[in-house]
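The following exercises are to be worked with the sequence and the coordinates at hand. Each task is followed by a solution in steps.

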Amino acid sequence: MGRAFARLIESQRRAFPFKIVAIQTLRHGSAFNERGLPIEPAFGPRMESVDAFLDRARAEIGVELTTLNPATGEPAISHIRSAFARGMHVVTANKGPIAHAYASLRDEARRAGLEFRFESTVMDGAPVFNMVRNNLPGCRIRGFTGVLNSTTNIAIDAMTAGQSLADGIKEAQRIGIAEADASYDIEGWDAAAKTAAIANVLMDARVTPLDVDRRGIARLTPEKLLALKSQGKTIRLISRGKTTPNGLKLRVRAEVIRESDPLASARGTSSLLILDTDLMGTVGMLEVAPGVEQTAYGVFADLVDIAKSIY
């Protein structure tokens, strides 16, 4: 995704003259050039710490693209705070910080007069948070329903075709959409992190993925899915949040649904989110067959939004 983001920055340079001045990776090392790095930079040794990297980078905006840790949100949370401490605006595509520490990170950014964006954390580049922030003024989000994990979609499609769960995981890994640890997808942790992130941002829930009632798809079998298919039914890993008299209820479940159900239209890498609002009623979005380029676009859109806010 980082490479896709670099290519997008380069392709849009004439209209949006951003430049990448520093990159820090776990595997390749670090690269710096205050005049702008090429798409394929020459990496040197990795800086000994993120603090040292940020001190040398001296960028206006930090872009945090590390992989998900659903249990703690680290080290991404610390990376973001280190950037804030140096007066950097931040964009992240890592859902962990939003699922674990959104309110505190939001407040830290506000106190420092900094912008904080995270559009790519839930539906690749689809405008979930920006849509609500910019286009649903005054609306209170009362609940939501979503199919938000592509790896489980692909695994379910594979098993419905008579293949194994492992075959589906391999396909998701091949096209580059599985988490670094695919068990986070299969056991529902990725969907739980997205569920917590949506609740935190849109409903001020102040929860973590550990607060989401979670059950993944590990127990599904091709035989079960083929039997459901003969009945005109299928399964999707569905995220739900709902305000009740007893508080906010959040859950992730592999649910049996009719193939005609709108939620069943989220196939392959596609995802879908439906919001229940007090003023606008029910409104939603469907993202059809995105790839890493669309996740990169979400980060790019956040950069443009920050630039509009500060210039």
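**Exercise 1.** In which loop is Thr 121 found? Describe its surroundings in this predicted model.

*Solution.*
- Step 1. Thr 121 belongs to the loop between β5 and α5 (129–135).
- Step 2. With a relative accessible area of 1%, Thr 121 falls under the 20% cut-off and is therefore buried.
- Step 3. Leaving aside residues up to four places away in sequence, Thr 121 touches Thr 92, Ala 93, Asn 94, Lys 95, Ile 98, Phe 129 and Lys 194.
- Step 4. For Ile 98, the separation from Thr 121 is 23 residues in sequence, while the C-alpha to C-alpha distance is 8.0 Å.
- Step 5. A polar contact is also present: the side chain of Thr 121 reaches the backbone oxygen of Phe 118 at 2.8 Å.

**Exercise 2.** Determine the strand order and the edges of the sheet that contains β3.

*Solution.*
- Step 1. The order is β3-β4-β5 in an open sheet of three strands, and the pairing is parallel.
- Step 2. β3 and β5 (116–117) are the edge strands, each pairing on one side only.
- Step 3. Between β3 and β4 (residues 89–92) there are four bridges. One residue of this pairing is Ile 61, whose bridge partner in β4 is His 89.

**Exercise 3.** Determine the strand order of the sheet that contains β11, and analyse the pairing of β10 with β11.

*Solution.*
- Step 1. Six strands in the order β7-β9-β8-β6-β10-β11 form an open sheet with mixed pairing.
- Step 2. β7 (213–214) and β11 each have a single partner strand, so one side of each is left without a neighbour in the sheet.
- Step 3. β10 (residues 271–277) and β11 run antiparallel and are joined by six bridges. Leu 272 has Leu 286 as its bridge partner in β11, and Ile 274 stands opposite Gly 284.
- Step 4. The two strands, β10 and β11, form a hairpin with four residues between them, and Gly 281 in the turn has a positive phi of about 75°.
- Step 5. Side chains alternate along β11 (residues 282–287): Val 283, Met 285 and Glu 287 point to one face and are buried, whereas Thr 282, Gly 284 and Leu 286 point to the other and are not.
- Step 6. In β10, Ser 271 is buried at a relative accessible area of 2%. Its contacts, not counting residues up to four places away in sequence, include Met 285, Leu 286 and Glu 287. Met 123, Val 147, Leu 148 and Ala 266 are also among the residues that Ser 271 touches.

**Exercise 4.** Why is helix α6 described as largely enclosed by the rest of the structure?

*Solution.*
- Step 1. Of the 11 residues of α6 (residues 150–160), 10 are buried, so the helix is largely enclosed by the rest of the structure.
- Step 2. The buried residues include Ile 154, Ala 155, Ile 156 and Met 159.
- Step 3. Among the elements that cover the buried residues of α6 are β6 (141–147), α7 (165–174), α8 (183–186), α10 (222–230) and β8 (233–244).
- Step 4. At the start of α6, a side-chain oxygen of Asn 149 comes to within 3.3 Å of the backbone nitrogen of Thr 151. After the helix comes Gly 162, with a positive phi near 90°.

**Exercise 5.** Which backbone values stand out against the following background? Most residues other than glycine have a negative phi, and most peptide bonds are trans.

*Solution.*
- Step 1. Arg 58, in the loop between α2 (50–57) and β3, has a positive phi near 50°. Arg 58 is exposed, at a relative accessible area of 66%.
- Step 2. Asp 204, in the loop between α9 (189–203) and β7, has a positive phi of about 50°. Its relative accessibility of 41% makes Asp 204 partly exposed.
- Step 3. The peptide bond from Glu 74 to Pro 75 is cis, with omega near 5°. Pro 75 lies in the loop between β3 and α3.

**Exercise 6.** Which residues make the nonpolar surface patch of about 190 Å²?

*Solution.*
- Step 1. The patch is made by Met 1, Val 63 and Leu 65.
- Step 2. Leu 65 lies in the loop between β3 (61–64) and α3 (76–85), and is partly exposed at a relative accessible area of 33%.

Note on methods
Residues are numbered from 1 along each chain as its sequence is written. This is a predicted model: local features need pLDDT of at least 70, side-chain atom pairs count only at pLDDT 80 or more; totals for chains, interfaces and linings use all residues. Side-chain values use heavy atoms; hydrogens and water are left out. Buried means under 20% relative accessible area, exposed over 50%, partly exposed in between (1.4 Å probe, protein chains only). Contact means heavy atoms within 4.5 Å. A polar contact is a pair of N or O atoms within 3.5 Å; within protein, one must be able to donate a hydrogen and the other to accept it, and residues adjacent in sequence count only if both atoms are side-chain atoms. Patches are made of residues with over 30% relative accessible area and no salt bridge: like charges are joined within 9 Å, nonpolar side chains (Val, Leu, Ile, Met, Phe, Trp, Tyr) within 5 Å. Accessible areas come from the Shrake-Rupley method with a 1.4 Å probe; for residues, only the protein chains shown count as cover. A salt bridge is a side-chain nitrogen of Lys or Arg within 4 Å of a carboxyl oxygen of Asp or Glu. Two strands pair if DSSP finds at least two bridges between them.
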